[in-house]
Amino acid sequence: MKRPGIMIKDVFKRLTMKPVTSKYPAEKSPAEPGYRGKMEFYVDKCISCGMCAKDCPSFACVMEEIDGKKRPVFYLDKCMFCAQCEESCPKDAIKMTTEYELAHLAGNPQIVK
Amino acid sequence: MARVTIPIGPQHPALKEPERFMVTVEGETIVDADVRIGHIHRGLEKLFEQRTYLQNIHITERICGICSFTHSTNFCQATEYILGVEPPRRGLYLRTLMNEFERIHSHLLWLGVAGHEMGFDTLLMWSWDDRERILDLFEDITGNRVTHAFNTIGGVRRDITDAQIQRILHTMDIMEERTKAYIQVGLNEQTILKRTQGVGILTTADAKRLCAVGPRLRASNVKYDVRKNDPYAAYGELPFEVITSDTLDVHGQLVVRALELLECVKMCRYMVQNLPAGEIRVKVPRKVPPGEAISRTEAPRGEDIHYLRSNGTDKPERLKVRAPTLANILNVAHTLKGANIADIPLIVAGIDPCMGCMDRVLILDRDKESCKVMSAEQLREYSIEWYRKEAYR
Ligand code: SF4
Ligand code: SF4
């Protein structure tokens, strides 16, 4: 026997629930603690080995000459936040954070040095 | 009655992906259907040959935006087969756990899409709301919601904590309750029954003949599941049933997917409660010795196959991907015959198509406004010619 109106109970439950969506960006919506977002780069730990740039799948991390030394530079517009650079770095000079608000205007790219 | 041929698509025939169906109709009834694939070919297989194995893990994950994990599992497995390494048991369990999470989120997504195609948008809102819980789990455990970067050759990249295990168990309790509610809705709600029963019938013999895969095959009453028939990762040790349905229609697919959700919940619980201790990965060399391997996994949409050939360098020589939709698109063209025009979106959406995963090259002549089908021999000559002209790209 097919019962009609099987969803009625759920409908009433939903009527009294508070909205599932949040009022972002008026209200902050923090990422989960394990999230991989924008990386931090600790320049004093880096030994300029270039492993991070070699393993980056999207060429977001490239070695550039800064103050006479080869250093990785991260172009976040290309980055897919796979954390392969963090894993490949032998000196733990790269660390992913949970920051994800990286939108910007054209001509003002997000770069981590 | 006069026969008319009308194109459905390429602008979004069912889901928000381009694919073209040429259907010949007599009045409201479809008498013939033809599928033209090749609108979003991305050249990924060529890209794999130019990147290292390590980079390819992250690129294979981008083959599909929904079942991303199954593709990276497949690639890592194929590489492990050639290297002859076996990931530690904890690594295999975590890999399997993520595969099952992915199935839960993909099936809930399908349920919502199917609801939408039936004109039952409440189901879409509710099931996608529940899916969000799984995506949050993914975000916490793997680091991202869809492209997880969790797999690696030789195991997985992150371990899970006790707090996360508690959270998984809590989420699974909610999932079980919600899934049971959806099963009640799927079996009793008149909107669903009227819209899906008897629509898109694929008989058992036809399903076998057309090599259907996944829930479409199981809804045609064939008990076949790669997880059971050819166990990979930790599936050999897990308790679960292969769900089939004998109604052969879109409603059967809905029932198969809804009941599979319950099996997924059961498996996830078992895995986190019996998680082996120890390492999560083994170290593997960057260069892979010459060899070839085929790896199969059961993606949420069906059997997914990767063929890998290595040549001793750190880059693969060839990686061939057979995504489940490519196997299923044939039976869509078949089931469309005899259906009503209004049923097209439902039948197409029924197999849970992912056009981007499976698309192949389409050769168009812009001046003549025609497309061409090439034989293997012609393709070979074309590629030799192309490489001769442009030595390296
Ligand atoms: S997170 Fe991935 S894509 Fe981004 S810079 Fe590091 S390796 Fe490259
Ligand atoms: S891998 Fe680490 S140490 Fe080496 S260049 Fe990159 S950041 Fe520096």
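Me: How many aromatic pairs does a search of the whole structure find?

Reply: Over all chains, the search finds seven aromatic pairs. The structure is a predicted model.

Me: What makes the pair of B:Phe69 and B:Phe150 tilted?

Reply: The ring centres of B:Phe69 and B:Phe150 are 6.1 Å apart, and rings pair if their centres lie within 6.5 Å. The planes of these two rings make an angle of 45 degrees. Stacked needs under 30 degrees and edge-to-face over 60, so the pair of B:Phe69 and B:Phe150 is tilted.

Me: Which parts of chain B does this pair link?

Reply: B:Phe69 belongs to helix H3 (residues 68-83), while B:Phe150 sits in the loop between helix H5 (121-141) and strand S4 (151-152). The two are 81 residues apart, and the pair links distant parts of the chain. Both B:Phe69 and B:Phe150 are buried.

Me: Why is the pair of B:Tyr232 and B:Tyr235 given the class it has?

Reply: The ring centres of B:Tyr232 and B:Tyr235 lie 4.9 Å apart, with the planes at 65 degrees. An angle over 60 degrees counts as edge-to-face, so that is the class of this pair.

Me: How do you know whether B:Tyr232 and B:Tyr235 are buried or exposed?

Reply: Buried means under 20% relative accessible area. B:Tyr232 has 3% and B:Tyr235 has 1%, so both values fall under the cut-off and both residues are buried. These two tyrosines form one aromatic cluster with B:Phe240.

Me: What makes B:Lys228 a charge over the ring of B:Phe240?

Reply: The distance limit is 6 Å from the ring centre, and the charge must also be within 35 degrees of the ring normal. B:Lys228 is at 4.3 Å from the ring centre of B:Phe240 and lies over its face. B:Arg131 lies over the face of B:Trp128 in chain B, at 5.2 Å from the ring centre.

Me: Why is helix H2 (residues 53-60) of chain B called mostly covered?

Reply: Eight of the eight residues in this helix are buried, so each has under 20% relative accessible area. They are B:Tyr53, B:Leu54, B:Gln55, B:Asn56, B:Ile57, B:His58, B:Ile59 and B:Thr60.

Me: What lines the largest pocket?

Reply: The lining has 39 residues, and B:His41, B:Glu45, B:Arg318, B:Val361 and B:Leu379 lie nearest the pocket centre. The pocket volume is about 1600 Å³. Elements of chain B that each supply at least two lining residues include strand S3 (29-36), helix H1 (44-49) and strand S8 (316-322). Helix H15 (376-389) of chain B is another such element, and H15(B) gives the most, with seven residues. By type, the lining divides into 20 nonpolar, five polar and 14 charged residues.

Me: Which residues come nearest to ligand 1?

Reply: Of the 15 residues around ligand 1, A:Cys56, A:Cys79, A:Cys82, A:Ala83 and A:Cys85 come nearest. The shell divides into 13 nonpolar, two polar and no charged residues. Cys and Ala count as nonpolar, so these five nearest residues are nonpolar.

Me: Which residues are closest to ligand 2, and how does its shell divide?

Reply: Ligand 2 is surrounded by 14 residues, the closest being A:Cys46, A:Cys49, A:Gly50, A:Cys52 and A:Cys89. The division is 12 nonpolar, two polar and no charged. Gly counts as polar, so A:Gly50 is polar.

Me: What makes the phi values of A:Asp67 and A:Phe81 worth a remark?

Reply: Phi of A:Asp67 is near 50 degrees, a positive value in a residue other than glycine. A:Phe81, also not a glycine, has a positive phi of about 55 degrees. A:Asp67 is in the loop between strand S2 (61-66) and strand S3 (69-75) of chain A; A:Phe81 is in the loop between S3 and helix H3 (84-88) of chain A.

Me: Are A:Asp67 and A:Phe81 each buried or exposed?

Reply: A:Asp67 has 78% relative accessibility, over the 50% cut-off, so it counts as exposed. A:Phe81 has 14%, under the 20% cut-off, so A:Phe81 counts as buried.

Me: What kind of peptide bond joins A:Tyr24 and A:Pro25?

Reply: The bond is cis, with omega about 5 degrees. A:Pro25 is found in the loop between helix H1 (8-16) and strand S1 (39-41) of chain A.

Definitions and conventions. Residues are numbered from 1 along each chain as its sequence is written. Chains are lettered from A and ligands numbered from 1 in the order in which they are written. This is a predicted model: local features need pLDDT of at least 70, side-chain atom pairs count only at pLDDT 80 or more; totals for chains, interfaces and linings use all residues. Side-chain values use heavy atoms; hydrogens and water are left out. A residue is near a molecule or strand if one of its heavy atoms lies within 4 Å of it. Rings of Phe, Tyr and Trp (its six-membered ring) pair if their centres lie within 6.5 Å; planes under 30 degrees apart count as stacked, over 60 as edge-to-face and the rest as tilted. Helices (H or I, at least four residues) and strands (E, at least two) are DSSP runs, numbered from the N terminus. Buried means under 20% relative accessible area, exposed over 50%, partly exposed in between (1.4 Å probe, protein chains only). On a 1 Å grid over the protein atoms alone, a cavity is a set of points where a 1.4 Å probe fits but cannot get out, and a pocket is an open set with protein on both sides within 12 Å along at least five of seven lines; lining residues have an atom within 4 Å of a point. Grid points are joined across faces, edges and corners, and a volume is the space filled by probe spheres set on the points.
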